[in-house]
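Please open the model in your viewer and keep the selection panel at hand. The tour below goes from ring pairs to the arrangement of the chains, and ends at a single residue.

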2 protein chains.
Amino acid sequence: MQRILAIDAGGTTTRAVIVDLSGRCLGYGQAGGGNPISAGVDSALASLVAATTMALQASQPATDTFSSALIAMAGASAQMPLERISDRFTSLGLRGDVEVDSDLLAMFYSGTSSSHGYTLVAGTGAAAARITDGRLEAVSGGSGWLLGDAGSGYWIGHQVVRAVVASLDGRAPETALSDLLVASLQLEATSERSNGRSLLLLRLIHALYALRPIELSRFAPLAFQAQDDHVASGILAAAASELAGTLAAVWDPGMDGPVVLGGSVLGGTIRGNGMLAGTSPLAASLKTALGDAELIPVRDGVVGAAVLGLLRAGIRLDRDVFFRIGRNVSLRREAASVNGSVV
Amino acid sequence: MQRILAIDAGGTTTRAVIVDLSGRCLGYGQAGGGNPISAGVDSALASLVAATTMALQASQPATDTFSSALIAMAGASAQMPLERISDRFTSLGLRGDVEVDSDLLAMFYSGTSSSHGYTLVAGTGAAAARITDGRLEAVSGGSGWLLGDAGSGYWIGHQVVRAVVASLDGRAPETALSDLLVASLQLEATSERSNGRSLLLLRLIHALYALRPIELSRFAPLAFQAQDDHVASGILAAAASELAGTLAAVWDPGMDGPVVLGGSVLGGTIRGNGMLAGTSPLAASLKTALGDAELIPVRDGVVGAAVLGLLRAGIRLDRDVFFRIGRNVSLRREAASVNGSVV
């Protein structure tokens, strides 16, 4: 019986599943960031191997070989040393080829069996795509924290810290975000001033510059926690508007199709907050912006990675196969979670 | 006859003058960035020494000793190894102490002999201060490229590249800034697409991530070049509004006083553009925002550094002394420029 390894290699989390050609999921595994651009090649490769090893060990029935591997990751195929991956995976039981595909396509196929439609992803970064005949027809966003990704987790976190700095600096109104940020960084609050400046502000600036810029994304949940605050709700409204603009850039008025929403900001849970997709104010606000399009929030891209693996193995994707993959991956994921092997 | 060394140590340029106690300027020297935070301690120290050596060599009458040294720099006194500077300066002829003072205070005293008033500085960064009795009473801004400095050269440059990326990505309107940026980075224009994305955009993103973020400030002049463009003028209007807000944060309605405008964005020339202070659209727009306050644009902080040096030597700052310093520094600077020793 042929088995396929499918991996969703994200910036923060890597998820791997073993599926058979009927769409049954045999095992699920998870590890840290698997994107070579953000994590570095060695660390990304280690995550791919760790998630795969875990999925193989969890497999029922037991699995020690697989016929192909599909890795979904953000525009990183050029950066990833496919030969090194192939060598490592062969030692884990691979008896065929490794292929890399788009994370956007995997996110799309996590939510639908249609080969036409749209996906909008907002995790640490943000991007949208129009999919036609199962291929990326148009892509927008994904230009990274410094140059784009408006509305993403990084973007929201950055707006949060800038709003707090401006407020403590007397350049902007007070906001409930200040106390949340100061608490989250475990800074000692003080109203003292030194050389015409707030001492607390100097401490805050010092603590924030000690982080890598991309780590500001960890403060995005504060905006959701402080939704009743005028400044926080303004940031979330602006994020929704930016994300709607990113999707609009790939929208074809002549083409209908479902809109799959993914990433921690839109689709899944937000760390430290526990809010689920359906109740996200961003998702709600996008719903208003997008009118009567069918919106499908998904947790991540691992189901779609399995779909892409099956498509490449020549399996026709009907709704039965699609739903079997989704249901099976959920069950295996829950089992892994109950066993305490997924944190 | 007692001589004083006064230095304006900026992020991009370090300027040094030798003055006597009557306010005569004997020599002028210039070197690269002298701020230890942005340039690193060794490189900053090398710039201080180079500018000082040049000023001493240019001195008329010839000068080989000086009784004190004053260095004006952005909130960096804690980072600067005063003993190392003192040792180096002693070998150059120093027979007294080295003191460090605020760059904001130096900018203020470059424009006025009053001991009360305001300064607003927008170079690579942006900050404002209220000065009372010759001391910094309140300071706003200066929180760096990632967290603050709204309206600064970095901020404008960052907005320029984000606007171009968004435009090429189909998320924002076309702008004349695109051609200017592509030309400035010497990229080959193309309308080809790859995997649903603009190839030119991918090239642009690649080129921009190869820079350090702070280097985006070099694209600020493009916004001034493209002033007729709707997007560019929007960026400049937003910058003016942010800078007015930074000044407003230190404004005391009960205290009048001149407003000294400094830094490459506001006060002096903008590299690659050659526009002078008086004609800057930012300065013009601030003029509207600030009503009837007296606005004094200055080129940099070196005159004020000399003023601070004289004040510390116990000289009373009357208008005669103040204007003598300003006039003399200009003459020495021009002489250095004619001699080709200042680029």
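In this predicted model, the count of aromatic pairs over all chains comes to nine. Begin by selecting Tyr118(A) and Trp251(A), whose rings are stacked, with 4.1 Å from centre to centre and 10° between the planes. Tyr118(A) belongs to strand E6 (residues 117-122) of chain A, while Trp251(A) sits in the loop between helix H10 (230-248) and strand E11 (259-262), so this pair ties together parts that are 133 residues apart in sequence. Colouring by accessibility separates the two partners: Tyr118(A) counts as buried at 0% relative accessibility, whereas Trp251(A), with a relative accessible area of 31%, is partly exposed.

Next, select Trp145(A) and Trp145(B), whose ring centres are 6.4 Å apart and whose planes stand at 45°, so the pair is tilted. This pair crosses between chains, running from helix H5 (residues 144-147) of chain A to helix H5 (residues 144-147) of chain B. Trp145(B) is partly exposed, at a relative accessible area of 21%. Add Tyr154(A) and Tyr154(B) to the selection, and you have a cluster that ring pairs link together with Trp145(A) and Trp145(B).

Now show both chains whole. A turn of 180° with a shift of 0.0 Å along the axis lays chain A on chain B with an RMSD of 0.0 Å; the two copies are thus related as by a two-fold rotation axis. Leu146(A) is the residue of chain A that comes closest to this axis, its C-alpha lying at 4.9 Å. Of the interface residues of chain A, 100% are also interface residues in chain B, so the copies meet through the same surface.

Finally, move to Thr132(B) in strand E7 (residues 126-132) of chain B, which counts as buried at 17% relative accessibility. Leaving aside residues up to four places away in sequence, Thr132(B) touches Ser115(B), His116(B), Glu137(B) and Met255(B).

Note on methods. Residues numbered from 1 in each chain as written. Chains lettered and ligands numbered in written order. Predicted model: local features only at pLDDT ≥ 70, side-chain atom pairs only at ≥ 80, totals over all residues. Heavy atoms only, no water. Least-squares fit on C-alpha atoms with pLDDT ≥ 70 in both. Contact = heavy atoms within 4.5 Å. Helix = DSSP H or I, 4+ residues; strand = E, 2+ residues; numbered from the N terminus. Buried < 20%, exposed > 50% of the residue type's maximum accessible area, 1.4 Å probe, protein only. Phe/Tyr/Trp six-rings, centres within 6.5 Å; stacked < 30°, edge-to-face > 60°.
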